[in-house]
Amino acid sequence: MRVAEVTIVGAGVVGLSCAVRLLEAGHDVRVYGRELPPHVTSAVAAAVWYPYLAEPRDRVTGWSAAALTEFTRLAGSGADGVAMTPGTEIFREPVDEPWWTSAVPEVRRVDEPRPGYAEGWSFVSPVIEMPVYLPWLLGRVRELGGTVEQRDVRSLTEFGGTVVNAPGLGARELVGDAAMEPVRGQVVYLEQVGLDRWWIDDSAIELGVTTYVVPRSRDIVVGGTEDHGAEDLAVDPATADAILERARALVPELAGARVLGHNVGLRPARPTVRLEREGDVIHCYGHGGAGVTLSWGCADEVAALV
Ligand SMILES: Cc1cc2nc3c(=O)[nH]c(=O)nc-3n(C[C@H](O)[C@H](O)[C@H](O)COP(=O)(O)OP(=O)(O)OC[C@H]3O[C@@H](n4cnc5c(N)ncnc54)[C@H](O)[C@@H]3O)c2cc1C
């Protein structure tokens, strides 16, 4: 194999996962990010493995399946911040089997999973605790000999060799991609009160409302919102109250849990994820609400393209 000099633009979960795969394959890798973790959208992700707000479905299913296998392996091999966690996506009305279930080895249909809900689909999913996992991922890049530096990149032509373009929403300015759309998501952090299952209810998604409850080691992430085109990073108190009300209705165990904090992030959405080679540049961005879920699958494909 020919060793390539690879510059990765973007130090979120996508760029860093690509860096790990390329370093493992023996390439020379340097990563530049205008912002570094924890000041990236990836740090806001809840993050439960779940293919959400990302297309096209056939490629997303393949990338998700590969990432699920890798996260399962990482959870078993002591990587920081990855915990296999049972949970259920619930529906108010009966539904056909969700499209993504072929990516999951074992999914179980459940009748009346919660009062007021007709059915649910339960499986064991990795929950990736980003404030713990991103430092681990950064450490892995450096341990394998890669470098990660803060740098605002103005043009991909600044570099020789191969460039992996993984700037998330930054693709709007960096490569002028008008198809990129921010999708604002707000979350509330609650104290951990012994919850050990995640829940997702997307029944009201057409209203820009998604309800999810994701337990982590030290807290519980509850969300959320799906505001297309919104870019305000300020926490909206009324939205936080509504999120809490829905989450507590869904999971009554949260009733007494203290609020620890709030956060807002802009999902880097695109009609379809862009993962393709263009000359010496490999584009990998537009992962919407599933950048963590797709990370290792996309990184494998990027490594194959290099
Ligand atoms: C509230 C919320 C909850 C979420 N929950 C989940 C979940 O449960 N599961 C899941 O899979 N996903 C979830 N997501 C989605 C996930 O966070 C994103 O899909 C993912 O973070 C995208 O990763 P990325 O590396 O492409 O982008 P980012 O994390 O935004 O990283 C982009 C990097 O590129 C850099 N960059 C941009 N422009 C330039 C430039 N010109 N020069 C240099 N560097 C540049 C940035 O500084 C940054 O380092 C959630 C998102 C939000 C907001």
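**A tour starting from Leu16**

Begin by selecting Leu16 in this predicted model, and then show the residues that Leu16 touches, which, leaving aside those up to four places away in sequence, are Gly10, Ala11, Val31, Pro37, Leu134, Leu137, Leu138, Val141 and Val148.

Next, widen the selection to the largest nonpolar core, which has 68 residues; those with the most contacts inside this core are Ile8, Leu16, Phe71, Tyr133, Leu137 and Trp296. Colour helix H1, residues 13-24, and you will have marked the largest share of this core, namely eight residues. A second core of 17 residues is separate from it, and you can find it by selecting Tyr117, Val213, Val222 and Leu250, which are among its members. In soluble globular proteins, nonpolar side chains tend to be buried together.

Now turn to the second largest pocket, whose volume is about 370 Å³. To place its centre on the screen, select Tyr50, Arg57, Trp99, Trp100 and Asp202, which lie nearest to that centre among the 17 residues of the lining. Which classes of residue make up the lining of this pocket? Eleven are nonpolar and six are charged, while no polar residues take part.

Finally, zoom out to the whole chain, where a cartoon view lets you look for six helices and 15 strands. The radius of gyration is 19 Å, close to the 19 Å that the globule rule gives for 306 residues, so the chain is as compact as a globular protein of that length. Along its principal axes, the C-alpha trace spans about 60 × 40 × 35 Å, and 55% of the 306 residues count as buried.

Methods. Residues numbered from 1 in each chain as written. Predicted model: local features only at pLDDT ≥ 70, side-chain atom pairs only at ≥ 80, totals over all residues. Heavy atoms only, no water. Core = buried A, V, L, I, M, F, W, Y, C linked by side-chain atoms within 4.5 Å. Buried < 20%, exposed > 50% of the residue type's maximum accessible area, 1.4 Å probe, protein only. Helix = DSSP H or I, 4+ residues; strand = E, 2+ residues; numbered from the N terminus. Contact = heavy atoms within 4.5 Å. 1 Å grid on protein atoms, 1.4 Å probe; cavity = no way out; pocket = protein on both sides within 12 Å on 5 of 7 lines; lining within 4 Å. Points joined across faces, edges and corners; volume = space filled by probe spheres on them. Nonpolar A, V, L, I, M, F, W, Y, C, P; charged D, E, K, R; others polar. Rg over C-alpha atoms; globule rule 2.2 N^0.38 Å.
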